[in-house]
Amino acid sequence: MEFELSKLYKRLNYCRSCVASINQRLQSLSRIEVEAVFSEDRKTSYHVIKNTNQAEWTRISFDLSSAVHHLRSILDNLAYEIVTSENAFLTEREKRGIYFPILETEKGWHSSAGARLIRKSCQKKYVRLFLDLQPFSKNLSWTDATGHPLHCLSAISNQDKHHQLSISLKMTSEISTDCTAQYHSRKTVCQPKSTFLKGKILIEVTQNVIESDFPIKHFSDPDSVLVVAIIEPLRLPVSSFLTELVCNVEAIVENFEKLGKLGD
């Protein structure tokens, strides 16, 4: 039995446009300035790494939310198309209860109402594919992250229903640099290394507090750091997460489509 899945492919193309929009914005936001802040008497100084492009990060969060919503809906629409095509005798109540199950345990697979409806309605080849795609079957994985892709999609989709998705920043590498302080009344003095730690979550970070007996004229220090955007609380990189997830969902749709074309 062949399924009508053209609308799902159109929605996948929309998700790709969200990814492209996010990646374009991230290119200009991946480097954040490091600012040297002085006390009024200029005897105390410290570095501040601060996100100052909040409007752009909010827009990225909206695009991320839209893509996650559509990817989850694509799977639910796929399940609806398959189950209703396989079982012409479903009640309206049963049809409303169709969704793509994403379950962490085999016990959940046997107790879930959505999974029971699939087992009741579909041929074994479809049931087997639904089963193989469950997180507890461990047949899908990420290239650069832990956790099952569909579990991650489900967790982030559920979070998105109740709260705006939270994006944080982390360092892409560890940076150590010698900071040279020049005083108004003293010679130039080298300060201990200022180290910006790889993987540290950045919202606003203060580092390398320096206190002096003499007013500091200026520092020679790093002017910026490279960061990557991650989705909280799973700490998945936004760009690679979405890019790979779109590919995974597309592969799932294609696999069900191929099964349909094989015939009974």
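Is Arg235 buried, partly exposed or exposed? Select Arg235 and turn on the surface: with a relative accessibility of 48%, this residue counts as partly exposed. Before going further, keep in mind that you are looking at a predicted model.

**Stop 1: the loop around Arg235**

Stay with Arg235 and show the backbone. You are in the loop that runs between β9 (224-231) and β10 (236-237). Check the backbone torsions here: phi of Arg235 is positive, about 55 degrees, although the residue is not a glycine. Most residues other than glycine have a negative phi.

Now add the side chain of Glu232. Glu232 and Arg235 meet in a salt bridge, with 3.8 Å from N to O. The two partners differ in accessibility, since Glu232 is buried at 14% relative accessible area, while Arg235 is partly exposed at 48%.

From this pair, move on to a linked group by selecting Arg25, Glu56, Arg59 and Asp63. Salt bridges with shared partners join these four residues into one network. If you would like to hunt for others, the structure holds nine salt bridges.

**Stop 2: helices α1 and α2**

Next, colour residues 6-29 and 54-86, which are helix α1 and helix α2. How do these helices lie against each other? Their axes come within 9 Å and cross at roughly 160 degrees. An angle over 145 degrees counts as roughly antiparallel, so that is the description for α1 and α2. The crossing of α1 past α2 is left-handed. Show the side chains of the contact, and its residues divide into 15 nonpolar, five polar and five charged.

**Stop 3: a salt bridge inside α2**

Zoom in on Arg72 and Asp76. Both belong to helix α2 and sit four residues apart, about one turn of the helix. Their side chains form a salt bridge, and the closest N and O atoms are 2.8 Å apart. Arg72 is buried, at 14% relative accessible area, whereas Asp76 is partly exposed at 22%.

**Stop 4: from α1 across to α8**

Return to α1 and pick Arg16, then add Glu250. Their side chains meet in a salt bridge of 2.6 Å, N to O. What does this pair tie together? Arg16 lies in helix α1 and Glu250 in helix α8 (residues 238-261), so the bridge links parts that are 234 residues apart in sequence. Arg16 counts as partly exposed, at 32% relative accessibility.

**Stop 5: α6 beside α8**

Keep α8 in view and colour helix α6, residues 124-132. The two helices pack at an angle of about 165 degrees, with their axes 10 Å apart. That angle makes α6 roughly antiparallel to α8. Look at the handedness as well: α6 passes α8 in a right-handed crossing, whereas the crossing of α1 past α2 was left-handed.

**Stop 6: the nonpolar core**

Finish inside the structure. Nonpolar side chains tend to be buried together in soluble globular proteins. Select Leu71, Leu78, Phe100, Phe241 and Phe256, the residues with the most contacts inside the largest nonpolar core. That core has 64 residues. Which helix gives the most to this core? Colour α2 once more, as α2 is the top contributor, with twelve residues.

Notes: Residues numbered from 1 in each chain as written. Predicted model: local features only at pLDDT ≥ 70, side-chain atom pairs only at ≥ 80, totals over all residues. Heavy atoms only, no water. Axes fitted to C-alpha atoms, helices over the stretch in contact; angles between N-to-C directions. Parallel < 35°, antiparallel > 145°, perpendicular 65-115°, else oblique. Left-handed = near helix turned anticlockwise from the far one by under 90°. Nonpolar A, V, L, I, M, F, W, Y, C, P; charged D, E, K, R; others polar. Buried < 20%, exposed > 50% of the residue type's maximum accessible area, 1.4 Å probe, protein only. Core = buried A, V, L, I, M, F, W, Y, C linked by side-chain atoms within 4.5 Å.
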